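Here is a short tour of one protein chain, starting with the whole and then zooming in on a helix pair and a single residue. Have the viewer ready and follow along.

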Amino acid sequence: MLNQRNLLIAGVAGGAIALVVVGAHKAMMRRIINRPPVAIAAVYAAPEAQGSPVLSVLASAVQHAQGSPDAVLSVLDSPAVGLNMSVGPEKGALLDRLVTERAPRVVVEFGAYYGYSAVRLGRLLKDDAVLYSIEVDPVCAAISSKIVEYAGLADRVRVVVGSAATVLPRLRDAHGVSRIDLLFIDHDKEAYIPDLRAAERLGLLPAGSLVVADNMSMATEYLKTVQADAKYESQLHQFRVPLFAGLGFQDGVLVSKRLA
């Protein structure tokens, strides 16, 4: 997930490219997501839902992919959707491999956005595993929860509203989380280092824990700091991230194993 909340999302509607400022649609999304449960068709027929690429994503997921995590990911990855601030299939394949190889029992992610990475990670978890997706923006958290629900993963993925600094102590003290096996960091780039240190201070990242951080092209201070940290053994995985109309940028994912 990119850092700026007001970046343009490219979408396609009726064959035409539509550019929408995410921040401008937050009030509208709040009105829809916070409504009492009603028929999905009624939600998407609401006047304020018209023209929203985000809600179009949800509608497509409901109509064509409900109960299938891979189908939901396919919808979210579609160029026609243009949800370019998600992890995406290339980086997602790295996450898939790490989860499959390590079979973590407790996964925590900082930054839910619209639920892509929660579905990506959650679909590969064992039956006794759990993913806590921490999102400070209540609108994004609500949408992410819906995406997780549509994917059929609500039994193992829990979206928690709040900052990592406030939620992590609750996970430890009220939910019995004594360690994080895999931590995925993909939120406010300036919060990468403080929130990593918060998890360390709480004793949630013992030896063997894996920390995976996205967007190293922007979180450069985190990259330098963790690569130089003797507590971690780190490897940088580089990707070219596509945007739209043939545009893209170089980015990286830092995978760090806690040694001591």
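Of the 260 residues in the chain, 53% are buried. Keep in mind that this is a predicted model. The chain holds 10 helices and nine strands, and its exposed area comes to about 11,400 Å², with 55% of that supplied by carbon and sulfur atoms. Among contacts with a separation of 6 or more, 70% join residues that are 24 or more positions apart.

Now for the helix pair. Helices H9 and H10 pack with their axes 9 Å apart, at an angle of about 40°. That angle falls outside the range under 35 degrees that counts as roughly parallel, and short of the 65 degrees where roughly perpendicular begins, so H9 and H10 are oblique to each other. The residues that make the contact are set out here:

| Helix | Range | Contact residues |
|---|---|---|
| H9 | residues 192–201 | Tyr192, Ile193, Leu196, Arg197 |
| H10 | residues 220–227 | Glu221, Tyr222, Thr225, Val226 |

By class, this contact has five nonpolar, two charged and one polar residue.

Next, have a look at Leu254, which sits in strand S9 (residues 248–258). Is Leu254 buried or exposed? Its relative accessibility is 0%, so Leu254 counts as buried. Beyond its neighbours within four places in sequence, Leu254 is in contact with several residues, including Tyr222, Leu223, Val226 and Gln227, as well as Val211, Met216 and Leu236. Leu223 lies 31 residues away from Leu254 along the chain, yet their C-alpha atoms are separated by 7.3 Å.

Terms used
Residues numbered from 1 in each chain as written. Predicted model: local features only at pLDDT ≥ 70, side-chain atom pairs only at ≥ 80, totals over all residues. Heavy atoms only, no water. Axes fitted to C-alpha atoms, helices over the stretch in contact; angles between N-to-C directions. Helix = DSSP H or I, 4+ residues; strand = E, 2+ residues; numbered from the N terminus. Parallel < 35°, antiparallel > 145°, perpendicular 65-115°, else oblique. Contact = heavy atoms within 4.5 Å. Nonpolar A, V, L, I, M, F, W, Y, C, P; charged D, E, K, R; others polar. Buried < 20%, exposed > 50% of the residue type's maximum accessible area, 1.4 Å probe, protein only. Areas by Shrake-Rupley, 256 points an atom, 1.4 Å probe, with all protein chains shown as cover.
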